[in-house]
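This report describes the sheet of one protein model, the helices packed on it and a number of individual residues.

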Amino acid sequence: MAKIEIYTKATCFFCHRAKALLEQKGLAFQEYKIDAQPNLRPEMIERSDGGYTVPQIFINNNHIGGCDDIMALESQGKLDQIIAQ
């Protein structure tokens, strides 16, 4: 099973959309709520090589990007391949 991590904020539409995709696919993920735990924001920025917007998504410690990135992977049929690795 792939290790999926997502940094989010409660009021972020794109966060909800990305999580909905993962849930629709039946994938478990670890959510880090940076609005509830602001001390995680610097970690998120460092891990994502400067990405400061949410969501920031990681699969098996590889940075995927944000909502548009994971949606693009899904529409190209590549998300399942990444998760299977």
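Lys19 counts as buried because its relative accessibility is 14%; buried means under 20% relative accessible area, exposed over 50% and partly exposed in between, with a 1.4 Å probe and protein chains only. Lys19 belongs to helix α1. Apart from neighbours within four places in sequence, Lys19 is in contact with Ile6, Thr8, Phe29 and Glu31, where contact means heavy atoms within 4.5 Å.

The model is predicted: local features need pLDDT of at least 70, side-chain atom pairs count only at pLDDT 80 or more, and totals for chains, interfaces and linings use all residues. Residues are numbered from 1 along each chain as its sequence is written, and side-chain values use heavy atoms, with hydrogens and water left out. Helices (H or I, at least four residues) and strands (E, at least two) are DSSP runs, numbered from the N terminus.

**The sheet**

Four strands make up an open sheet in the order β2-β1-β3-β4, with mixed pairing; two strands pair if DSSP finds at least two bridges between them. The edges are taken by β2 (30-33) and β4 (62-65), each with a single partner strand, so one side of each is left without a neighbour in the sheet. On average, and with direction ignored, neighbouring strands of this sheet are turned by 25 degrees against each other.

Strand β1 (residues 4-8) pairs with strand β3 (residues 56-59) in the antiparallel sense over four bridges. Within this pairing, Ile4 has Ile59 of β3 as its bridge partner. Strands β3 and β4 also run antiparallel, joined by three bridges, and Phe58 stands opposite His63 in β4. These two strands, β3 and β4, form a hairpin with two residues between them.

**Helices on the sheet**

Helix α1 (residues 13-24) lies across β1, β2 and β3 and runs at about 160 degrees to β1. Helix α3 (residues 67-75) packs on the sheet as well, touching β3 and β4, and its direction makes about 95 degrees with that of β4. For these values, axes are lines fitted to C-alpha atoms, for helices over the stretch in contact, and angles run from 0 to 180 degrees between N-to-C directions.

Two packed helices are described by the angle between their axes and the distance between the axes. For α1 and α3 the angle is about 30 degrees and the axes are 9 Å apart. That makes α1 roughly parallel to α3, the cut-offs being under 35 degrees for roughly parallel, over 145 for roughly antiparallel, 65 to 115 for roughly perpendicular and the rest for oblique. The crossing of α1 past α3 is left-handed, a term used if the near helix is turned anticlockwise from the far one by less than a right angle, with right-handed used if clockwise. On the α1 side the contact is made by Phe14, Arg17, Ala18, Leu21 and Leu22, and on the α3 side by Cys67, Asp68, Ile70, Met71 and Glu74. By class, this contact has seven nonpolar, no polar and three charged residues; Ala, Val, Leu, Ile, Met, Phe, Trp, Tyr, Cys and Pro count as nonpolar, Asp, Glu, Lys and Arg as charged, and the others, Gly among them, as polar.

**Residues of α4 and α2**

Ile83 lies in helix α4 (residues 79-84) and counts as buried, at 13% relative accessibility. Leaving aside neighbours within four places in sequence, Ile83 is in contact with Ala2, Leu27 and Ile59. Between Ile83 and Asn60, 23 residues apart in sequence, the C-alpha to C-alpha distance is 8.1 Å.

Arg41 is part of helix α2 (residues 41-47) and is partly exposed, with a relative accessible area of 29%. Residues up to four places away not counted, Arg41 touches Ile34 and Tyr52. The C-alpha atoms of Arg41 and Lys19 are 19 Å apart, with the two residues separated by 22 residues along the chain.

**Backbone geometry**

Most residues other than glycine have a negative phi, and most peptide bonds are trans. The table lists residues with a positive phi.

| Residue | Place | Phi |
|---|---|---|
| Asp49 | loop between α2 and β3 | near 55 degrees |
| Asn60 | turn of the β3 and β4 hairpin | about 50 degrees |
| Asn61 | loop between β3 and β4 | near 65 degrees |

Asp49 counts as exposed, at 73% relative accessibility, and Asn61 counts as exposed at 52%. The peptide bond from Val54 to Pro55 is cis, with omega near 0 degrees, and Pro55 is placed in the loop between α2 and β3.
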